[in-house]
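The following exercises concern a single protein chain. Each task is followed by a solution that proceeds step by step.

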Amino acid sequence: MHKIGMTELLIVLAIALVIFGPKALPKLGRSIGKTIGMFKKGIREDDDAEEDEEDLSAKPAQAKKQPVEEAEDK
């Protein structure tokens with residue numbers, strides 16, 4: 001996967017500045033940030049749900065052992 005370098009980032013910001021104008025950029029940045037945050041949160045929740053499903057499907061396959069209490073002879 002290719003990482004975005006400083007040059008590419010500056011080009012994208014310059015184009016956004018020309019298209020949207022300086023007054024709209026902060027609002028646009030907040031919107032993009034919130035969208036990315038919600039996307040990441042959704043991915044985490046999806047991963048957590050998949051892990052829970054895997055845990056539930058693995059439990060019946062595991063042998064359930066009950067602890068054996070040892071009698072103390074004193």
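**Exercise 1: Accessibility of an acidic residue**

Task: Determine whether Asp-46 counts as buried, partly exposed or exposed.

Solution: The model is predicted. In it, Asp-46 has a relative accessibility of 42%. Buried means under 20% and exposed means over 50%, so Asp-46 counts as partly exposed. Asp-46 is placed in helix α2, which covers residues 25-58. On the surface, Asp-46 belongs to a patch of negative charge that also includes Glu-45, Asp-47 and Asp-48. Glu-50, Glu-51, Asp-52 and Glu-53 are members of this patch as well.

**Exercise 2: Length of a helix**

Task: Check whether the end-to-end distance of helix α1 agrees with the expected span.

Solution: Helix α1 runs over residues 6-20, a total of 15 residues. At 1.5 Å a residue, the expected span is 21 Å. The end C-alpha atoms are 21 Å apart, and therefore the two values agree. After α1 comes Gly-21, with a positive phi near 90°.

**Exercise 3: The protein surface**

Task: Describe the exposed area and identify a nonpolar patch.

Solution: The protein has two helices and zero strands. Of its 74 residues, 3% count as buried. The exposed area is about 7,600 Å², with 61% supplied by carbon and sulfur atoms. Ile-4, Met-6, Leu-9, Leu-10 and Leu-13 form a nonpolar surface patch of about 550 Å²; among them, Leu-10 lies in helix α1.

Note on methods
Residues are numbered from 1 along each chain as its sequence is written. This is a predicted model: local features need pLDDT of at least 70, side-chain atom pairs count only at pLDDT 80 or more; totals for chains, interfaces and linings use all residues. Side-chain values use heavy atoms; hydrogens and water are left out. Patches are made of residues with over 30% relative accessible area and no salt bridge: like charges are joined within 9 Å, nonpolar side chains (Val, Leu, Ile, Met, Phe, Trp, Tyr) within 5 Å. Accessible areas come from the Shrake-Rupley method with a 1.4 Å probe; for residues, only the protein chains shown count as cover. A salt bridge is a side-chain nitrogen of Lys or Arg within 4 Å of a carboxyl oxygen of Asp or Glu. Lys and Arg count as positive and Asp and Glu as negative; His and the chain ends are not counted. The place of a charge is taken as NZ of Lys, CZ of Arg, CG of Asp or CD of Glu. Helices (H or I, at least four residues) and strands (E, at least two) are DSSP runs, numbered from the N terminus. Buried means under 20% relative accessible area, exposed over 50%, partly exposed in between (1.4 Å probe, protein chains only). The expected span of a helix is 1.5 Å times one less than its number of residues.
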